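Here are my notes on the model, set out point by point. Please read them with the structure open.

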Amino acid sequence: MKKKKTIIIKDPHLRKIRDNLRVVIDRAVNNEVSRFWNLMMQIDRSTDEGRDQYFALMHQRDALEMMESSSTIQCAACNFGIDRDVRFNPFDKAWYCIECYDLIRDQYYKTMAKKKKGEFIGTDYNEEYARSFTD
Ligand SMILES: [Zn+2]
């Protein structure tokens, strides 16, 4: 997806269905991550074959977690938002709850105002990232 997109569900019944589906998916992902973890702990990593199996499972586990964190299930900023409407930011290809999205945008404007006045804004402030939250 290359464009910003906002998903807002106003109907309370549909919101409840969405929220419940997110909970079910989140629990399924967590169960699967635990299953991978348990399998990984049973592997003898003292052999090349064991290490290969371990890293293959770790890769699958990480891929699953990455899929969830880049989906509409979780907000990329607060990791909550299971009951919140979401907005996609194509800059980092992630979904954010509207609250976080607006907060990052507002913070960008405040930070740029400080910068314009010559105030120090920090060395690790990612201006390009934050600017991507402006519409
Ligand atoms: Zn959030």
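1. Sheet. This is a predicted model. Its three strands make an open sheet, ordered E1-E2-E3, with antiparallel pairing. Strand E1 (5-7) and strand E3 (94-97) are the edge strands. Each has a single partner strand, so one side of each has no neighbour in the sheet. From one strand to the next, the twist averages 25°.

2. The E2/E3 pairing. Strand E2 covers residues 86-89 and pairs with E3 through four bridges, in the antiparallel sense. To find the register, start at Asn89, which stands opposite Ala94 in E3.

3. The loop between E2 and E3. Look at Lys93, which lies in this loop. Its phi is positive, about 55°, although Lys93 is not a glycine. Is Lys93 buried or exposed? Lys93 counts as exposed, because it has 11 C-beta neighbours inside 10 Å and the cut-off for exposed is 12 or fewer.

4. Helix H3 on the sheet. H3 spans residues 98-116 and lies across E2 and E3. Its direction is at about 95° to E3. The helix has 19 residues and reaches 27 Å from first C-alpha to last, close to the 27 Å expected at 1.5 Å a residue. Gly118 follows H3 and has a positive phi, near 90°.

5. Core. Which residues form the largest nonpolar core? There are 10: Cys75, Ala76, Val86, Phe88, Trp95, Tyr96, Cys97, Cys100, Tyr101 and Phe133. E2, E3 and H3 each supply at least two of them. E3 gives the most, with three residues.

6. Tyr101. This residue belongs to the core. What does Tyr101 contact, once neighbours within four places in sequence are left aside? The partners are Arg87, Tyr96 and Phe133. Tyr96 and Phe133 are themselves listed in the core.

7. Tyr108. This tyrosine also lies in helix H3. Tyr108 counts as partly exposed, because 19 C-beta neighbours lie inside 10 Å and the cut-off for buried is 20 or more. Not counting residues up to four places away in sequence, Tyr108 touches Ala130, Arg131, Phe133 and Thr134. Phe133 is thus a contact of Tyr108 as well as of Tyr101. Tyr108 and Cys78 are 30 residues apart along the chain, and their C-alpha atoms are separated by 17 Å.

8. Helix H1. H1 runs over residues 12-42, which is 31 residues. From first C-alpha to last it reaches 45 Å, close to the 45 Å expected at 1.5 Å a residue. How many of its residues are buried? The count is zero, and H1 is hardly covered.

9. Overall layout. The protein has four helices and three strands. From the N terminus on, the order is β-α-α-β-β-α-α. The C-alpha trace spans about 60 × 45 × 25 Å along its principal axes. The radius of gyration is 19 Å, whereas a compact globule of 135 residues would have one near 14 Å.

10. Burial and contact range. Buried residues make up 13% of the 135. Take the contacts between residues at least 6 apart in sequence: 47% of them join residues at least 24 apart.

Notes. Residues numbered from 1 in each chain as written. Predicted model: local features only at pLDDT ≥ 70, side-chain atom pairs only at ≥ 80, totals over all residues. Pairing = 2+ DSSP bridges. Helix = DSSP H or I, 4+ residues; strand = E, 2+ residues; numbered from the N terminus. Axes fitted to C-alpha atoms, helices over the stretch in contact; angles between N-to-C directions. Contact = placed C-beta atoms within 7 Å. Core = buried A, V, L, I, M, F, W, Y, C linked by C-beta atoms within 7 Å. Expected span 1.5 Å × (residues − 1). Rg over C-alpha atoms; globule rule 2.2 N^0.38 Å.
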